[in-house]
Amino acid sequence: MGAVRFAMIALFAAFFAVPLAATARAEGAADAAIPQDARIEPAAFVDQLRGTNPPATILQVGSSVLYAEAHIPGSQYAGPTGKEDGIKNLASHVDGLPRDKPIVIYCGCCPWTRCPNIGAAYKHLLSMGFTHVKALYLPNNFGDDWVNKGYPVARGN
Amino acid sequence: MRGARCFGVLLLAQALIAAAPAPLSPGMLAPSFARSDLSGHRVDLKAYRGKLVLLDFWASWCAPCIVEIPRLIALQKRYGGVQVIGVSMDDSIAPVQKVTRRFAFNYPVLLGDADFGNLYGGVYGLPVRFLIAPDGRILRIWKGELPPGTLDHAVRAALGRLNR
């Protein structure tokens, strides 16, 4: 009887602990993976976009549905990098680029500390040898920190 | 130099052409929709007139959304006058089905898309929730992660007002 109870408790714990552990891994993943000096604030990035030297490669590494709703003009969809298929998608977008090419990645699917994509994308680009990678710092999400600030937006795929 | 200037002009033009969806706010009528849920049943917002509707935009990859799902299931179970409707903004159906299998959903889940997001004023980050009154008007809008009990409290308060 005791063994059955123990097995049931273990099963229950496994059922809930695995997803919770996955959530905990996602939490803070961006903070851990992306140092402060590799982040770019939205206001500074808008200045770059409007300036005479716009970054050559801008990649949205999150959800394609959210990309279709609104994205940064000139950015390409290259996600979702929280998943293996998304990492492959990202790699295929950048594979032919010189490793010193400036790249700006962004997501904004959910709060920065909860984002499953941005940290994974940053780490993968570094592992591919890219030396000039910046991550757009969107603390809340793309809506609050970009669209609602009146920054330029394109829509559709 | 000239190329860069052209790029800037192109960006500006693109931004101007892009028609922004009209933002929604409390007091406005919730946009109507009718779509099939994951089980193939038709979900028509109009059919829920007379009930309080909690519309939950979520995705399988969104940790704050997943945290809220057991609370929404409990809420649907607890209050007869409420209908929860989930709108998944996932890119494909498979990860959504995985989540719905993991939790015993007792409310319908639809697969959303950019059009659906735009219909609701632009869902650019998750989660987003709308509390809709029995007459179809939006009562509350929440964006982002909520402290536990927020939705339950709001639903209870709304039902209390309606039953007065």
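**View 1. The second largest cavity of this predicted model holds about 50 Å³ of space.** Who sits around it? The lining is made up of A:C107, A:G108, A:C110, A:W112, A:C115, A:I118, A:L136 and A:L138. Sort those residues by type and you get 7 nonpolar and 1 polar, with no charged ones in the mix.

**View 2. The largest cavity comes in at a volume of about 60 Å³.** Here the lining takes in A:Q60, A:G62, A:S63, A:L66, A:Y67 and A:A70, along with A:Y106, A:C107, A:G108, A:C109 and A:F142, and chain B chips in with B:Y124. The split this time is 8 nonpolar to 4 polar, and once again no charged residue shows up in the lining. Look out for A:C107 and A:G108: they line this largest cavity, and they turn up in the lining of the second largest cavity too. As for the overall tally, the model has 2 cavities of 30 Å³ or more.

**View 3. Chain B is built from 5 helices and 7 strands.** Trace chain B along its sequence and the order reads α-β-β-β-α-β-α-β-α-β-β-α. So much for the elements; now for how the chain packs. Take the contacts in chain B with a separation of 6 or more: 68% of them are between residues 24 or more positions apart.

**View 4. Inside and outside of chain B: of its 164 residues, 51% are buried.** On the outside, chain B exposes about 7900 Å². Carbon and sulfur atoms supply 57% of that exposed area.

Definitions and conventions. Residues are numbered from 1 along each chain as its sequence is written. Chains are lettered from A and ligands numbered from 1 in the order in which they are written. This is a predicted model: local features need pLDDT of at least 70, side-chain atom pairs count only at pLDDT 80 or more; totals for chains, interfaces and linings use all residues. Side-chain values use heavy atoms; hydrogens and water are left out. Helices (H or I, at least four residues) and strands (E, at least two) are DSSP runs, numbered from the N terminus. Buried means under 20% relative accessible area, exposed over 50%, partly exposed in between (1.4 Å probe, protein chains only). Contact means heavy atoms within 4.5 Å. Accessible areas come from the Shrake-Rupley method with a 1.4 Å probe; for residues, only the protein chains shown count as cover. On a 1 Å grid over the protein atoms alone, a cavity is a set of points where a 1.4 Å probe fits but cannot get out, and a pocket is an open set with protein on both sides within 12 Å along at least five of seven lines; lining residues have an atom within 4 Å of a point. Grid points are joined across faces, edges and corners, and a volume is the space filled by probe spheres set on the points. Ala, Val, Leu, Ile, Met, Phe, Trp, Tyr, Cys and Pro count as nonpolar, Asp, Glu, Lys and Arg as charged, and the others, Gly among them, as polar.
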